[in-house]
Amino acid sequence: MDAHVHDPSGAYVGEILVWTDRGAALAGLEFAWVTDEMPTSLPAVVNGRLGWPA
């Protein structure tokens, strides 16, 4: 699964990484940003796009 994050203008700003414990339980979430400034919070859900590679 791809979890890309885009800002309100549509520019790609990073992705959400989902960490699991033995593949079942959620162990953590990480926002890997690609901008020069470190974000101060997780992105709003409305700015995310999920996709499944073919």
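This is a short tour of a predicted model, moving from the whole chain to single residues.

Begin with the whole chain selected and coloured by secondary structure: the chain has 4 strands and 0 helices, and along the sequence these elements follow the pattern β-β-β-β. If you then switch on a surface, the chain exposes about 4400 Å², of which carbon and sulfur atoms supply 58%, while 13% of its 54 residues count as buried. Should you wish to display contacts, consider those between residues at least 6 apart in sequence, among which 31% join residues at least 24 apart.

Next, select residues 2–6, which form strand β1, and look at Asp-2, a residue of that strand. Asp-2 is partly exposed, because its relative accessible area of 31% falls between the limits of 20% for buried and 50% for exposed. A distance drawn from the C-alpha of Asp-2 to the C-alpha of Ile-16 should read 8.2 Å, although the two residues are 14 apart in sequence.

Staying in strand β1, move to His-6, which has a relative accessible area of 12% and is therefore buried. With side chains shown, you can follow the side chain of His-6 to the backbone oxygen of Gly-10, which it reaches at 3.2 Å.

From there, step into the loop between β1 and β2 and select Ser-9. Ser-9 has a relative accessibility of 65%, so it counts as exposed, and its side chain makes a polar contact of 2.7 Å with the side chain of Asp-7.

Now select residues 12–21 and residues 25–33 together; these are strands β2 and β3, and they pair in the antiparallel sense over 8 bridges. The two strands form a hairpin with 3 residues between them, and at this end of the pairing Asp-21 stands opposite Ala-25 of β3. Within the turn, pick out Arg-22, whose phi is positive at about 60°.

For the last stop, keep strand β3 in view and select Leu-26, which is found there. Leu-26 counts as exposed because its relative accessibility is 60%, above the 50% limit. Add Val-18 and Leu-29 to the selection, and show the surface again: together with Leu-26 they make a nonpolar surface patch of about 300 Å². While looking along the strands, it may help to remember that in a regular strand the side chains alternate between the two faces of the sheet.

Terms used: Residues are numbered from 1 along each chain as its sequence is written. This is a predicted model: local features need pLDDT of at least 70, side-chain atom pairs count only at pLDDT 80 or more; totals for chains, interfaces and linings use all residues. Side-chain values use heavy atoms; hydrogens and water are left out. Two strands pair if DSSP finds at least two bridges between them. Patches are made of residues with over 30% relative accessible area and no salt bridge: like charges are joined within 9 Å, nonpolar side chains (Val, Leu, Ile, Met, Phe, Trp, Tyr) within 5 Å. Accessible areas come from the Shrake-Rupley method with a 1.4 Å probe; for residues, only the protein chains shown count as cover. A salt bridge is a side-chain nitrogen of Lys or Arg within 4 Å of a carboxyl oxygen of Asp or Glu. Buried means under 20% relative accessible area, exposed over 50%, partly exposed in between (1.4 Å probe, protein chains only). A polar contact is a pair of N or O atoms within 3.5 Å; within protein, one must be able to donate a hydrogen and the other to accept it, and residues adjacent in sequence count only if both atoms are side-chain atoms. Contact means heavy atoms within 4.5 Å.
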